[in-house]
Amino acid sequence: MASTAADVSDFWFSDHGPEDWFSGSPDFDVRVRAQLGDLHARAVRSELWEWRNSADGRLAEIILLDQVSRQLHRGEGQAFAADTMALALAQEMIAQGMDAPMDVNHKLFVYMPFQHAESLVIQEQSLRLFEAMGSDDYMEYARAHHETIARFGRFPFRNGALGRPSTPDELAYMKANEGRAY
């Protein structure tokens, strides 16, 4: 079971990669719960604040709040409950230039809270960040998230989990884009 920021980083970046991060695999969710569940609970309670003194620690906390929340609470409203906290940490990290020396995969998870925000203002910043990162693959997803928020002001695929009624336009969008998460 992970207990340090380095443990989170090793689990996320060394033991696993894109094939796990974005698969939605129940097996990966189980591994995440076993290894990171306790730390996630501590992050949600803001108990890991000392990690914020380093770029690696801050990134580990962002991963716990943004990504691990989605793994632990897949299909539930609680999957998005820590999004604003993850976003605030990412904004501070970028303002301090802590993201500048990071590689693409590490920057991806600093910038992911921007991509997950149901705010057009934040989505505009997301596009700038992902453009500067220089990865065409990740930029494609940033554009898709931006387009969804520009069109609906929210992510329709979250409506069920959050108890929000869907508009007819959102229902048609979800039917046409089955399997998409935004």
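This passage looks at how some of the helices in the structure pack against one another.

The structure is a predicted model, and the predictor is confident about it: the chain has a mean pLDDT of 95, with 100% of its residues at 70 or more. Within the chain, confidence is lowest in helix 2 (residues 18-21), where the mean is 92, and highest in helix 5 (residues 83-95), where the mean is 98.

Helix 3 is a handy place to start, since it turns up in two of the contacts described here. Take its meeting with helix 1 (residues 5-14). The axes of helix 1 and helix 3 come within 10 Å and cross at roughly 165°. Angles over 145 degrees count as roughly antiparallel, so that is the label for helix 1 and helix 3. Their crossing is left-handed. On the helix 1 side, the residues involved are V8, F11 and W12, and they meet F28, R31, V32, Q35, L36 and L39 of helix 3. Sorted by class, this contact has seven nonpolar residues, one polar and one charged.

Aromatic rings also pair up in this model, with a count of twelve aromatic pairs. One of them is W12 with F28: the ring centres sit 5.8 Å apart and the planes lie at 50°, so the pair is tilted. W12 belongs to helix 1 and F28 to helix 3, and with their positions 16 residues apart, the pair ties together distant parts of the chain.

Helix 3 (residues 26-44) also packs with helix 4 (residues 55-72); here the axes come within 9 Å and cross at roughly 130°. That angle makes helix 3 oblique to helix 4, and the crossing is left-handed. From helix 3, the contact uses F28, D29, V32, R33, L36, G37, L39, H40, A43 and V44, while helix 4 brings E61, L64, L65, V68, S69, Q71 and L72. These residues split into ten nonpolar, four polar and three charged. F28, V32, L36 and L39 take part in the contact with helix 1 as well as the one with helix 4.

Further along the chain, helix 5 packs with helix 6 (residues 104-115) at an angle of about 125°, their axes 8 Å apart. Helix 5 is therefore oblique to helix 6, and this crossing, too, is left-handed. Helix 5 offers A86, L87, A90, Q91, M93 and I94, and helix 6 answers with V110, Y111, P113 and F114. By class, that gives nine nonpolar residues, one polar and no charged ones.

Definitions and conventions: Residues are numbered from 1 along each chain as its sequence is written. This is a predicted model: local features need pLDDT of at least 70, side-chain atom pairs count only at pLDDT 80 or more; totals for chains, interfaces and linings use all residues. Side-chain values use heavy atoms; hydrogens and water are left out. Axes are lines fitted to C-alpha atoms, for helices over the stretch in contact, and angles run from 0 to 180 degrees between N-to-C directions. Helices (H or I, at least four residues) and strands (E, at least two) are DSSP runs, numbered from the N terminus. Angles under 35 degrees count as roughly parallel, over 145 as roughly antiparallel, 65 to 115 as roughly perpendicular and the rest as oblique. A crossing is left-handed if the near helix is turned anticlockwise from the far one by less than a right angle, and right-handed if clockwise. Contact means heavy atoms within 4.5 Å. Ala, Val, Leu, Ile, Met, Phe, Trp, Tyr, Cys and Pro count as nonpolar, Asp, Glu, Lys and Arg as charged, and the others, Gly among them, as polar. pLDDT is the predictor's confidence in each residue, from 0 to 100. Rings of Phe, Tyr and Trp (its six-membered ring) pair if their centres lie within 6.5 Å; planes under 30 degrees apart count as stacked, over 60 as edge-to-face and the rest as tilted.
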